[in-house]
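Reader: I am new to this structure and should be grateful for a close look at a single part of it. Please take one residue as the starting point and proceed outward from there.

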Amino acid sequence: MEKINYQLETDRIINEICRDGKRKRLLLHACCAPCSTYVLEYLSRYFDITVFFCNPNITDSAEYAKRLGELYKLCETAPFCSGVGVIDDGSDSSVFFEAVAGLENEPEGGRRCDKCFRLRLSRSAEYAKKNGFDLFATTLTVSPHKNAALINSIAFEESQKYGVDYLPSDFKKRGGYQRSIVLSREYDIYRQRYCGCCFSLN
């Protein structure tokens, strides 16, 4: 199977759809504020962005509120977030537990995570389609701990399912992850130590 350079795909699509100077509406699925820092700095040059905080995998309500609050703080203070809105998809973790039922004992990075990615990307694609966005993307690929090829594959499937374009990415490339660390420090953003679900915490 041919290995795809998703960063080059991002460049190609941006050049293609932005050549007329008209800014497209992008729904950006955000897993957390730290991962959003670099991605927003990068993409806000080209798109009108709304951040979609869709993370029912964050199973502790206090942790959910803290991460959402940090995202609001980033979008209210960083200059590259000017005009960026935030939508909270809600903190009902029951949909997550339903999606991963039977996979509770899977290792981190295994099939349970695949189901979790699909749940969040599916809800993002559906929201983008229903609310007239031109395309959607995700901050998930900025993490060096996540499989960008898998995430892009799932996102493309959900894109086709709902009939809305997807912007492929591997945002960790070109120093994206390192830049997210620098920006998180600059804006005093809380950086969590686990993905979000009670299984990853354990």
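Which residues does Ile49 touch, not counting residues up to four places away in sequence?

Author: The model under discussion is a predicted one. Within it, Ile49 touches Leu26, Leu28, Leu40, Leu43, Ser44, Gly83, Val84 and Gly85, if residues up to four places away in sequence are not counted.

Two of these partners, Leu40 and Leu43, appear again when the surroundings are considered. The largest nonpolar core has 54 residues, and those with the most contacts inside it are Leu40, Leu43, Phe47, Ile49 and Val51. Two or more residues are given to this core by each of the following elements: helix 1 (6-17), strand 1 (24-29), helix 2 (33-43), strand 2 (47-53), helix 3 (61-77), helix 5 (111-130), strand 4 (135-138) and helix 6 (148-162). Helix 2 supplies the largest share, 7 residues. A second core, separate from this one, consists of 5 residues, among them Phe96, Val100, Cys116 and Cys197.

Helix 2 deserves further attention. Of its 11 residues, 10 are buried, and the helix is thus mostly covered. The buried residues are Ala33, Pro34, Cys35, Ser36, Thr37, Tyr38, Val39, Leu40, Tyr42 and Leu43. They pack against helix 1, strand 1, strand 2, helix 3 and helix 7.

Helix 1 may be viewed from its own side as well. Its buried residues are Tyr6, Gln7, Thr10, Asp11, Ile13 and Ile14, and what covers them includes helix 2, strand 2 and helix 6. At its N-terminal end, helix 1 is capped by Asn5, which has a side-chain oxygen 3.2 Å from the backbone nitrogen of Gln7. The length of helix 1 can also be checked: at 1.5 Å a residue, its 12 residues should span 16 Å, and this agrees with the 16 Å between its end C-alpha atoms.

Pro34, one of the buried residues of helix 2, leads to a residue in a loop. Arg191 lies between helix 7 (176-186) and helix 8 (198-201). Apart from its neighbours within four places in sequence, Arg191 is in contact with Pro34, Tyr177, Ile181 and Ser184. With Tyr177 there is a side-chain polar contact of 3.4 Å. Arg191 has a relative accessible area of 39% and is therefore partly exposed. The C-alpha atoms of Arg191 and Leu68 are separated by 12 Å, although the two residues stand 123 residues apart along the chain.

Conventions: Residues are numbered from 1 along each chain as its sequence is written. This is a predicted model: local features need pLDDT of at least 70, side-chain atom pairs count only at pLDDT 80 or more; totals for chains, interfaces and linings use all residues. Side-chain values use heavy atoms; hydrogens and water are left out. A nonpolar core is a set of buried Ala, Val, Leu, Ile, Met, Phe, Trp, Tyr and Cys residues joined through side-chain atoms within 4.5 Å. Buried means under 20% relative accessible area, exposed over 50%, partly exposed in between (1.4 Å probe, protein chains only). Helices (H or I, at least four residues) and strands (E, at least two) are DSSP runs, numbered from the N terminus. Contact means heavy atoms within 4.5 Å. The expected span of a helix is 1.5 Å times one less than its number of residues. A polar contact is a pair of N or O atoms within 3.5 Å; within protein, one must be able to donate a hydrogen and the other to accept it, and residues adjacent in sequence count only if both atoms are side-chain atoms.
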